[in-house]
Amino acid sequence: MPFARLSSATTPTCHLGLGLAAVGRPGYINLGRDRDLGQDRSAEALRTRTHDLLDAAYAQGVRYFDAARSYGRSEEFLADWLTARPENDDVVVGSKWGYTYTADWSTEADRHEVKDHTLATHDRQRAETAELLGDRLDLYQIHSLTPDSPALTDRALHARLAEAAAGGLTIGFSTSGPAQADTIRAALEITVDGRPLFGTVQSTYNALETSAGPALAEAHDAGLAVIVKEGMANGRLAPEHAPEALRDIAEETGLGPDAVALALILSRPWAGVVLSGAATVPQLGSNLHAAAVDLTDDQRARLDALAEDPRAYWERRGELPWH
């Protein structure tokens, strides 16, 4: 089924989605994780937490849910929820391939995920995703493309992805790193039999990292749906870590810094879906208030001034510990 089904959603929060990176595995790089998850990070505890978040998100109008093969057991948790809630047939489901989860449910692993964008990995992980999500999958994305990824030039892989697209599945890609704009523009050039391969792009964009903005606008103009991830900068824009300007504007609006940070992204005309990466139901509720924030030109300008050099931003992100 196509990601475009989301266009029929009319809830106030339909431009907000829920990403499951923070709750599909016990270790992640988000700040404040020890407080959010507590001591019990068993699979059953995180399954229950994921289902509570999905229930709360759906009840508040969210209709896009985003998983990945490398997000631990996120696909499994999401699949269980979909099976238990067959009446929720208007949700749109996305997942990603290209990273393999290797931490074996440990927060102390040397490596938590391994990247591989080869055709063989696609075929293996596509089968794994299909076993869990079946025909509930709407969008399948290459996970974290960078300019040096072989997935940008592998014509056999492109042909395989085009076959899936011809069968009704939307094909997309996500990006990471300081050269996101270059990656997006390279991906926009990929065609199979004269047709653009990709229908969506998912990139990191937030008040601190805005470098992908112009390329995302180009992708939008080219007809791709734009999904924004890491809108909270892995917790750096959360209330306890927010820059002073963000806290000031939050006070002016009467809502949280998280809602303001996400509202800034929603104000971009090219932003289709902005993901919440909430790990608790209260966090999710606060994030979803972004739909009610109406920033002034002055407030947007003050937030725009927070942008960092992208290389410095990604270097700092790379130093965040898995915990």
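Let us start inside the protein, at leucine 78, which touches Leu20, Leu54, Phe65, Ala67, Val93 and Leu133, leaving aside residues up to four places away in sequence. Keep in mind as you look around that this is a predicted model.

Leucine 78 also belongs to a bigger picture. The largest nonpolar core has 90 residues, and Leu78 is listed with Phe65, Phe173 and Phe198 as having the most contacts inside it. Helix 9 (residues 257–266) gives this core its largest share, seven residues. There is also a second, separate core of 10 residues, and among them are Phe3, Leu6, Val92 and Ile227.

Now turn to the aromatic rings. Phe65 appears again here, forming one aromatic cluster with Tyr58 and Trp81. Tyrosine 58 has a charged visitor too: the charged end of arginine 63 sits over its ring, 3.6 Å from the centre. You can find a similar arrangement at tryptophan 105, where the charged end of arginine 73 sits over the ring, 5.9 Å from its centre.

How many aromatic pairs are there? The count comes to eight. One of them joins tyrosine 28 and tryptophan 322. A pair of aromatic rings is described by the distance of the centres and the angle of the planes. For tyrosine 28 and tryptophan 322, the centres are 5.7 Å apart and the planes are at 80°, an edge-to-face pair. Tyrosine 28 lies in the loop between strand 1 (16–19) and helix 1 (33–37), while tryptophan 322 lies in the segment after helix 12 (310–319), so this pair ties together parts that are 294 residues apart in sequence. Tyrosine 28 is buried, with a relative accessible area of 10%, whereas tryptophan 322 is partly exposed at 28%.

Next, look at two helices. Helix 4 (residues 119–133) and helix 5 (residues 155–166) pack at an angle of about 25°, and their axes are 9 Å apart. Angles under 35 degrees count as roughly parallel, and therefore helix 4 and helix 5 are roughly parallel to each other. Helix 4 makes the contact through Leu119, His122 and Asp123, and helix 5 through Ala156, Leu157, Arg160 and Leu161.

Finally, visit the loop between strand 11 (225–229) and helix 8 (244–253), where you will find glutamate 230. Glutamate 230 has a positive phi of about 55° although it is not a glycine. Alanine 233 is found in the loop between strand 11 and helix 8 as well, and its phi is near 55°, again a positive value in a residue other than glycine. Are these residues buried or exposed? Glutamate 230 is buried, with a relative accessible area of 14%, and alanine 233 is buried at 1%.

Note on methods
Residues are numbered from 1 along each chain as its sequence is written. This is a predicted model: local features need pLDDT of at least 70, side-chain atom pairs count only at pLDDT 80 or more; totals for chains, interfaces and linings use all residues. Side-chain values use heavy atoms; hydrogens and water are left out. Rings of Phe, Tyr and Trp (its six-membered ring) pair if their centres lie within 6.5 Å; planes under 30 degrees apart count as stacked, over 60 as edge-to-face and the rest as tilted. Helices (H or I, at least four residues) and strands (E, at least two) are DSSP runs, numbered from the N terminus. Buried means under 20% relative accessible area, exposed over 50%, partly exposed in between (1.4 Å probe, protein chains only). A charge sits over a ring if NZ of Lys or CZ of Arg is within 6 Å of the ring centre and within 35 degrees of the ring normal. A nonpolar core is a set of buried Ala, Val, Leu, Ile, Met, Phe, Trp, Tyr and Cys residues joined through side-chain atoms within 4.5 Å. Contact means heavy atoms within 4.5 Å. Axes are lines fitted to C-alpha atoms, for helices over the stretch in contact, and angles run from 0 to 180 degrees between N-to-C directions. Angles under 35 degrees count as roughly parallel, over 145 as roughly antiparallel, 65 to 115 as roughly perpendicular and the rest as oblique.
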